[in-house]
Structure formats: C-alpha cells, structure tokens
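Visitor: I should be grateful for a close look at one part of this model, namely a pair of packed helices and how they lie relative to each other. Please then set that part beside other local features of the chain.

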Amino acid sequence: MARNALLCTNKLLLSSPSSSPFAKLLDSCNKSKLSPDVHAVHACVVKSQFSYEVFINNRLIDVYGKCGYLNYARILFDKMPTRNAFTYNSIIGALTISGSIDEAERVFDSMPEPDQCSWNLMVSGFSQLEIFDRSLEYLVKMHGDDFVLNEFSYGSALSACAGLRDSVMGTQIHASLAKSRFIADVYMGSALVDMYAKCGDVDSAQKVFDGMTERNTVSWNSMITCYEQNGPASEALQIFVRMMECGVEPDEMTVASVISACASLCAVIQGREIHARVVKFNKLRSDLVISNALVDMYAKCNMINEARWLFDRMPIKNVVSETSIVSGYAKAASVKTARTMFSKMIVRNIVSWNALIAGYTQNGENEEALALFLLLKREPVWPTHYTFGNLLNACANLADLKLGRQAHTHVLKQGFRFQHGFEPDIFVGNSLIDMYMKCASVEDGNRVFRKMVERDGVSYNAMIVGYAQNGQGNEALALFKEMLAVSEMKPDHVTMIGVLCACSHAGLVEEGCRYFDSMSRKFGLKPLKDHYTCMVDLLGRAGRLIEAKNTILSMPMNPDSVVWGSLLSACKLHRDIVMGSFVADKLLEIDPENSGPYVLLSNMYAELGRWRDVTRVRKLMRKNGVVKQPGCSWIEISSRTHVFMVKDTRHSQKKEIYLLLKGLSKVMKLSGYVPNIADFDADEEQNKGGEFTFVEELEVPLAVGHLN
C-alpha cells in the first residue's frame, strides 16, 4: 500500500519542503500494521533532508512500537543525536506495548524532565501488565510532583485498584476525580462502577451508576456484571430490563453477563428468552463467549440434554466450552459421561479438573475423586484451593485419616493461610477441620482451627458440630460461648444444631431447652425440623419421653421418620413399650417399607420377654415384604480395606476366618459369654442354631491372623 505509493511519489517526497507527507504515510502504516511499509517510509526518510529531524524520527519510533517491531524502534532511538520529551515518550510507549516494562522504567528514570504523558505511560504500562501496585506507586509520585491528573491517569489507576480489589485506594482516587472536570465523563463513570464492582462494593457502584448523567453500553455492562458477580443476580436481570427500556443496544458482553445471571438463579424461562434473542442475531449467534455461557446456563439448570445439543452444534469450541459440559454432566450425576468428555479434551485447565473431581465427590464416588487428584499431580497443572476443598471433602466422606493427613501435607506445601482476600482460601481450612472431625481426630481439627489466620462462621460451625459428633459436648458449648464473646459472629441454623447436639451428648437438658428457646428470641432464627429432632433426642436421652412426644406434636411442620425414629430409640433405651408401640405405628405410617421400626420394636418386646409380640412383629414384616438390610462392617489392614456382610462367604480367606471364629466362640462360651437375645441379628442366628456370626466378629479373626 504505502510502498506502492512511495514508488510513484519518491521524488516528490524527497523534494518536499516539510516532513508532513512522511508523517501521513506513517499514519497509514500504523493502521495496516505492515513492517515492509514502515521500512519503505523509513528508507525514504533516511535519503531525505529529514533524516535527523527529531519530529519524524519520533513518529518512526512510535509506529515501529505500535506495529510490534521494538528492535527497530530501539535502534533508531539509540542512534538519535538529539532527543526531546516526545522521543522518550515514544520509546517508553513502544517498550510498554512489548511488555518490556523494566527497560521502560530505566528510560523513564534517564529522562531529563518527564512530562505528564511520560507519567501516564508508566501508570498505564504497569496497569496493563497487571503490575497494579507499581501502577499506583507511579500515580502517587506523579501527584506528588504536582502533575495534573487527567482522564488517562484516572482510568489506569482505577483499573489498577480494580485489579488489586483495593477499595480504599479506589475511594481516594474517586475523591480526587470528583474535584476534577472529568467526573462527568462517561468513561470515568464506567471505570468507577467497574472498580467498585470488582471490589465487591455493590452499593457504591450503584450510587455512581445512578449519579451518571450519561451512560453508554460499557456503563450498563459494568453494573450488570457487578450484580452478576456479587449478587443478588436477580438485580442483574432488572438492570438489563432498564437498559432495554432506555433503548441501549446490548453487546456480546451484556448478553453473556445476563445469561450467567440466569444460570446463577436457575432462571430457565428468562434464559430461554435471551437465547431466542441470540438466535435472531448472526453477530451474537456466532460469538464463542455467548455460546459458552448458554451451555453453562443449561447445564447449571439441570437441562443437560439442551446443553449437549447446543455444545454439539458449536462451530468452534474451547476449553471453557468443554469444561462447562463436563461440569454439567458431573452435576447431573452422569459422572461416567463427564469422564468420557473429560478424556476427549485436548487441553485441560485446572477448572476442568476441579469440575470432575467435584462431580465425583458430590456423587459419593470419593475413591475416584482421590484417584483423579493423583492423575492431576502428574500434569503440568497447578491445583487451586478449590481442588483441595474437594479433595478434603472426599477424605472426610471416607473417614480416612491417613489420606486426610496426606492431603493436609499437600495443603501446607501450597502455602495456604486460610484467610479472606482476592482469592480466599479460608474454606480450605474449614474443610480440613471438617475432615479431621469426621475422622475423629479432634485434636488435629482444633490445631488447624487455632492456627487459621482468619475464621468465619463456617469455621466455628465445623468445630462446634465436630465436638458434638465426637461426644465432647462441654468443649462444643465452651467454643460457642467464645464465638459469641470474641468473634462478634452471630450463630446460624447449623451452629444451633451443633449446640443442641452438644447439650444432648453432655446431658445438659435444661441448658439445651434454654438455647432452643433463645433461637428465635435472641438470635432471630426460626427453628427448623433438624432443631426439633435435636430437642427430641435431648429429651429422649434424659428419659423425658412425654415432653419429647409433645415436642413432636407441637412442630409447625409435619414430623418425618427421622424425628419419630429418634423418639423410638429413646423408648427402647428406657424400655417404654407403650410409647414405643405408638411411635412405631407413626413411623410405619410414614415409611412402611423401612425395616428399622420393626427391628427396634421387636427387640423391645424381646427385652421384656414378650415372645408372642416378637413373632407378631416379624410375621408383619414378612407379610408386608419388608426385608432387613444385612449389617456391613470393614477393617483396613496393610492399606487394604476388607468388607464383610452377615454370614459372608465371599472373602478369599473365608476358611481361615471361620475356623478362627469357631475357636474364639468356644473360648467366649467357656468364659461365660451369653449373647444378647434381645438383639435382632443375634436372635436370628440363635434360631438357626449356628455359631454367632455378628458382622463385626468377622473382622476379629482376620485382624488376629495378621497380627500373629
């Protein structure tokens, strides 16, 4: 283009009285971004009388830099005998564009007198390269040297504050901007909204947005994205409706953000409406980001078939598209399909790995989750806090302390500090506490809790519930009081479940009743079904069965089998057959196929020697086709788990196990052991005239054999 023009006008250029024609040609080169054109103009400049003119050489450096040819810009700069501020600014601009920010800083430091443009180049250069703290350092120095900040200074600085999630500095820049003539500028308003949105300050973002006298698509997008990312997502849809009413045409970013908001809300109807709008516009229909958002939206709304249909018809896919469909299948309990899709991915990022690991954990396939993590460790992909959160959940679900401690080692190597921030990792600490508590390693859980840099309500809940589950009720209540006194955190429903369970395990009936009454009166929490179940358990353990029954009858919701089952267990404990019969009838009305009430009632009759009633209950079980699920137990030896059922004959060492069990049974009988005939399983075995084969007993000979 420019080269052909030069061939025709070479003589005219060389005889031109000014360098303006060269400058115009360089403007054309800048638009085309073609190196040969810039070289051709440069060659003509060298042959002309302007070869040493500062102005045209500055323009050459600037265009070389913007076209991506830094070496030529650097050579030209080094050879210039005379330089001015524009020369330095041109090379600084070229260096920042290429990412050579350290060299740009050295050039800046060598400048005799930096001007406003020089400072702005450094502020924006660091900001664009996401070295946000240095960008703000230069802004502060610029202001300290009495240079006037303009829209470029403010725009880059606000971008840096957004990147750092530094609302304090952002507010100070806002105050400075408010005193300037740029406060009414639509771009400054949009930058402020974006900064507050990324800092999570929704109220300030909304206040800036409402105060804008002029808004463009970027302004609306910033506000929609603010609510989509910070919540409530429903407000993002409301802002979108207002945008349409104001006649502002949405772009690709608008649509993608609104679809993401629909995904968060599982708002299928609104999502379909947006999808219909996308289909009508070719520009939107072919956009990869929008297509990815639609796949993700349908997947999160449990419409995996629609998500797959859309995914299969995408002309271009990337790792985001494939991760969305993997995550969708994992959440839809189709983990095998998710694994198949995952295996077909050419490029996998950590989000892809996290999606599948989470899918395995959520669907109870914890061993597969751990195996996948081991595969991840062999890949050049660095695990994140989300990875470890899912890994620890899998260890907790398996109650495998050995694996949990290995996972803890990985967490320590990662350098997590368990605190809030730009990438909060506090939930990893919470997952560690939960894992240790579920593995009954209370001391380890407490140690993690005390070493956390920051704690939230979930941290306290994990400890309080963990203490209660491990029978340390007094410790749970002590921590609850500490939570109220020291942390200024308010308890939630989960906290109160832990507190009531703790009172139950500690036998603190009156204190438990007071905490239950204080839920609505003091903490503004309406008791849920689980809290009533805890109260029934508390009163039942204490033998206050009538109060427990009245508690169930006073529930504002229909009692389920769990709460009635808790009372039935208490009836068995305290041998109240009258109340037990009443409760068993209630349970059978709710869940007639559940064997639990039959077994408990039968055992209660057996304890009282009422064998006719025992026979009647078992006949009723057979008549209703109810079958008691056999007991299951397991033992781990040499990192291998051995699982046993009642009367199990599947184990490879069954002959040795039963031979040793027979010998142990004889020794037990000679020592005076008598089986508890009230136990349903033991009684069944007695009736069959066989040896005692409690499921737990099958572990014993295997363990003894290995010890010997």
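Guide: In this predicted model, helices α21 and α23 run roughly parallel to each other, because their axes cross at roughly 5°, and an angle under 35 degrees counts as roughly parallel. Helix α21 spans residues 319-331 and helix α23 residues 350-362, and their axes come within 9 Å. On the α21 side, the contact is formed by V319, T323, V326, S327, A330 and K331. These residues meet V351, S352, A355, L356, G359 and Q362 of α23. Sorted by class, the contact of α21 with α23 comprises six nonpolar, five polar and one charged residues.

A second pair of helices offers another arrangement. Helices α7 and α8 pack at an angle of about 160°, and their axes lie 11 Å apart. Helix α7 is therefore roughly antiparallel to α8, since angles over 145 degrees fall in that class. The crossing in which α7 passes α8 is left-handed. From α7, the residues I101, A104, E105 and F108 take part, and they meet S118, W119, M122, G125 and F126 of α8. The contact of α7 with α8 divides into six nonpolar, two polar and one charged residues.

Helix α7 itself, residues 101-110, merits a closer description. Its buried residues are I101, A104, E105, V107 and F108. They lie on the same side of α7, because the arc that they cover around the axis is only 160°. The face turned away from this buried side carries D102, R106 and D109, which are exposed. Helix α8 is one of several partners here: the buried residues of α7 pack against α5 (70-79), α6 (85-98), α8 (116-128) and α9 (132-144).

Some loops of the model contain backbone features that deserve separate mention. Most residues other than glycine have a negative phi, and most peptide bonds are trans. Residue D146, which is not a glycine, has a positive phi of about 65°. This aspartate is placed in the loop between α9 and α10, the latter helix covering residues 151-164. With 68% relative accessibility, D146 counts as exposed, as the cut-off for that class is over 50%. In the loop between α10 and α11 (167-178) lies R165. The phi of R165 is likewise positive, near 55°, in a residue other than glycine. R165 counts as partly exposed, its relative accessibility being 36%. A further feature concerns the peptide bond from G231 to P232, which is cis, with omega near -5°. P232 belongs to the loop between α14 (217-230) and α15 (233-245).

These parts belong to a protein with 41 helices and two strands. Of its 708 residues, 47% count as buried. Among contacts between residues at least 6 apart in sequence, 59% join residues at least 24 apart. To return to the part first requested, the pair of α21 and α23 is described by axes that come within 9 Å and cross at roughly 5°, whereas the pair of α7 and α8 has axes 11 Å apart and an angle of about 160°.

Conventions:
Residues numbered from 1 in each chain as written. Predicted model: local features only at pLDDT ≥ 70, side-chain atom pairs only at ≥ 80, totals over all residues. Heavy atoms only, no water. Axes fitted to C-alpha atoms, helices over the stretch in contact; angles between N-to-C directions. Helix = DSSP H or I, 4+ residues; strand = E, 2+ residues; numbered from the N terminus. Parallel < 35°, antiparallel > 145°, perpendicular 65-115°, else oblique. Contact = heavy atoms within 4.5 Å. Nonpolar A, V, L, I, M, F, W, Y, C, P; charged D, E, K, R; others polar. Buried < 20%, exposed > 50% of the residue type's maximum accessible area, 1.4 Å probe, protein only. Arc of directions from axis to C-beta. Left-handed = near helix turned anticlockwise from the far one by under 90°.
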